[in-house]
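Work through the exercises below with the sequence and the model at hand. Try each task before you read its solution.

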Amino acid sequence: MKKKLILFLMMLMPALFAGAQIINPTHWSFSVSKNTLKAGEEAELIFKVKLDATWHLYSNDFDPNLGPKVAVFKFNPAKEYKLIGSVKPIGAVEEYDEIFEGKVRLFHHHAEFRQRVKILAPCSISGTYETQSCSDKAGKCVDQDGDF
């Protein structure tokens, strides 16, 4: 009897893990608007996101209290650079969201964010991002974070 129970549980295990697949509908790339920079020059950090079909990504320029999570970018502080303004979304569209009963700004197919910086000395700029992507077709939302 014990052998049958163990065999049954072993057969059940793959089915349990099959439902726990990690969904990653966003594909990020990072670049700088200029290849070489000297101290005192400004440039833009460019964050591009390719979205899987039927998925959208929420922007960072709408009321964060509305419901969906706005995109958040955090930069590791360093004396070698200075942020100019805040991260700007490029091409986000405004839509009324029936679930949250309000206007949100989001991206379909692809997204782009830009941050202006002033270089004070040779440096490497790093940080993190936190976003939320949803698919009306799949009926799912995914919180995502990563490093740049």
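**Exercise 1: Three cysteines**

C123 is partly exposed, with a relative accessible area of 33%. The class runs between buried (under 20% relative accessible area) and exposed (over 50%), using a 1.4 Å probe and protein chains only. This is a predicted model, where local features need pLDDT of at least 70, side-chain atom pairs count only at pLDDT 80 or more, and totals for chains, interfaces and linings use all residues. Residues are numbered from 1 along each chain as its sequence is written, and side-chain values use heavy atoms, without hydrogens and water.

Task: Find which cysteines a disulfide joins, and classify C134 and C141.

Solution:
- Step 1. Apply the rule: a disulfide is a pair of cysteine sulfur atoms within 2.5 Å. The count is one disulfide.
- Step 2. Name the pair. C134 and C141 are joined, S to S 2.0 Å.
- Step 3. Check the hand. The torsion about the S-S bond of C134 and C141 is about 110 degrees, so this disulfide is right-handed.
- Step 4. Classify the partners. C134 has 3% relative accessibility and is buried. C141 is partly exposed at 47%.

**Exercise 2: The second largest pocket**

Task: State how much space lies in the second largest pocket, and describe its lining.

Solution:
- Step 1. Know the term. A pocket is an open set of points on a 1 Å grid over the protein atoms alone, where a 1.4 Å probe fits, with protein on both sides within 12 Å along at least five of seven lines; lining residues have an atom within 4 Å of a point.
- Step 2. Read the volume, the space filled by probe spheres set on the points. The second largest pocket holds about 200 Å³.
- Step 3. Find the centre. This pocket has 15 lining residues, and V32, L45, C123, S124 and I125 are the closest to its centre.
- Step 4. Find the elements. β1 (26-32), β2 (42-51) and β8 (110-119) each give two or more residues to this lining. Strands here are DSSP runs (E, at least two residues), numbered from the N terminus.
- Step 5. Sort by class. The lining has 13 nonpolar, two polar and no charged residues. Nonpolar covers Ala, Val, Leu, Ile, Met, Phe, Trp, Tyr, Cys and Pro; charged covers Asp, Glu, Lys and Arg; the others, Gly among them, are polar.

**Exercise 3: The sheet**

Task: Which strands stand at the edges of the open sheet of four strands?

Solution:
- Step 1. Write the order: β1-β2-β8-β5, with antiparallel pairing. Two strands pair if DSSP finds at least two bridges between them.
- Step 2. Read the ends. β1 and β5 (81-89) each have a single partner strand, so one side of each lacks a neighbour in the sheet.
- Step 3. Look inside. β2 and β8 pair over nine bridges, and L45 stands opposite Q115 in β8.
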